[in-house]
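Let us look together at one protein with a ligand, going through it by question and answer. Please keep the sequence and the model in view while reading.

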Amino acid sequence: MSEQIFSLIAKEQKRQKELIGLIPSENTVSPAVSRVLSSCLSNKYSEGYAGRRYYEGSQVIDQIEQLAIERVSKLFQVPYVNVQPYSGSPANWAIYFALMQPGDTLMGLKLAMGGHLTHGHPTVTASGRFYNSVQYGVKKDARIDFAELERLAKKHQPKVIVAGNTAYPFELDFKKFRQIADQVGAWLVADISHITGLVIAGEHMSPVPYADVIMTTTHKTFRGPRGAMILATERGLERDRDLGKKLDAAIIPGTQGGPHNATTAGIAIAAAEASTTQFRNYGKQIRKNATALAQELLKQGIDLVGGGTQTHLMVVDLTKFGIGLGTQVAFALDVAGIYANRNTIPTEQGSPFYPSGLRLGTPLVTSRGMKEKEMKQIGRWIAQVIKHVSVQQLPTDRKERAAFLKQFRAAALKDPVLKRIRKAVKQITAKFPLFAE
Ligand SMILES: *Cc1c(COP(=O)(O)O)cnc(C)c1O
């Protein structure tokens, strides 16, 4: 019954250990977090909140959830926390449900310029279907275009402005977002899913003094279980005393049922881990590593969107090697033992499926204990792979493109250059456990 699955898990574990993971939204959890996730807590139903559950037998769950809330509340210095969201996307949905009526205007950063789908992508998401979505973008230098944001906000009078991103390499200026939100009376929601760990470590401006509501996933730089949390700030509660009640109600009964209690316990542990000096050092090292990787790539003649990074991630601009090369470069890197993801760039001339960028981040390799020296080596390998495979250009004709990629993939799997790098990658990763400290 279980053997097949356990053998697949063993395979996945081997892959995670042997390869170098540079997907900026991924991380690896501590043994303690990992342990609670397979505990008996997931057997229990506990719809509702501590002291007012719809199910009997929730006394222990109440204590676990309260502990998680207290720890997160202290960590961020915020008066309201909800740890029940199943993940980041439903958490954003719940926030919109609490703050808006269908048809109200929502503003978020365009997906192709580094925003998240749930920030109002106009055609493929519920957030774009149920709300009037107006999206802002970035300037030529890849920084948020605040002048455009202000102009659009004044014209469209949004109820909610979201400040958040998934592929934006620079610091988000929450103060500027606040000034614009104030001019039009909008709620400011900071979605810090990617950067929570940096905010906690003091390596990124905190949204707490500026935003009304904050959302973060718990499995990215926070290094906890897969899940999310919603926080409300003093400022948010001053604007609406019932904000906490509204957010609670938007989770259950608004958009969810029973909380995932094992996840809640994992969040409590991750919050305690994130309160240590060790974690602050971890956050600092994430950025040092990202800077070292970016510098090495630039040195090797690889372009980066906006010319570099101020955070945990960077976006490689492959345009000078060819348009739409992201797919083949990401595939070749995976063969070489380095996995990342293809990404659109702000000046995209390809398509979301065949984009011209590559997104790289350092949270996971930093959790494994890698430092600047390893980043330099990884940077050299990435540059080598890009130059090696972009000699073959992606055809623009649709049919030809599919055939080309099929052939390209088959050849890459046997490519001696990629194989040689993979061997060297294996030697390095053997020295770094999945979770160092
Ligand atoms: C990851 C992410 C989300 C969505 O989280 P899921 O857990 O994948 O649903 C939302 N917003 C931002 C900014 C993210 O980075």
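The turns below treat the ligand first, and then the helices and the backbone.

This is a predicted model, in which local features need pLDDT of at least 70 and side-chain atom pairs count only at pLDDT 80 or more, whereas totals for chains, interfaces and linings use all residues. Residues are numbered from 1 along each chain as its sequence is written, and side-chain values use heavy atoms, with hydrogens and water left out.

Student: Which residues come nearest among the 13 around the ligand?

Tutor: A residue is counted as near a molecule if one of its heavy atoms lies within 4 Å of it. Of the 13 residues around the ligand, the nearest are Ser87, Ser89, Asp191, His194 and Lys220.

Student: How far is a nitrogen atom of the ligand from an N or O atom in the side chain of aspartate 191?

Tutor: A polar contact is a pair of N or O atoms within 3.5 Å. For an oxygen atom of the ligand, a polar side-chain atom of serine 87 lies at 2.5 Å, and a polar backbone atom of glycine 88 is 3.0 Å from a ligand oxygen. Between the ligand nitrogen and the side-chain N or O atom of aspartate 191, the distance is 2.6 Å.

Student: Which helix gives the largest share of the shell around the ligand?

Tutor: Helices here are DSSP runs (H or I, at least four residues), and strands are runs of E with at least two, numbered from the N terminus. With 3 residues, the largest share of the shell comes from residues 88-99, which form helix α4.

Student: Are α13 and α16 roughly parallel or roughly antiparallel?

Tutor: Axes are lines fitted to C-alpha atoms, for helices over the stretch in contact, and angles run from 0 to 180 degrees between N-to-C directions. The axes of α13 and helix α16 (residues 398-413) come within 10 Å and cross at roughly 20°. Angles under 35 degrees count as roughly parallel, over 145 as roughly antiparallel, 65 to 115 as roughly perpendicular and the rest as oblique. That crossing therefore makes the arrangement of α13 and α16 roughly parallel.

Student: What is the arrangement of α13 and α15 to each other?

Tutor: Helix α13 (residues 326-335) and helix α15 (residues 372-389) have axes that come within 10 Å and cross at roughly 125°. The two helices α13 and α15 are therefore oblique.

Student: Where does proline 253 lie?

Tutor: The peptide bond leading from isoleucine 252 to proline 253 is cis, with omega near 10°. As for its place in the chain, proline 253 lies in residues 243-255, that is, helix α10.

Key. Polar contact = N/O pair within 3.5 Å; in protein donor to acceptor, adjacent residues only side chain to side chain.
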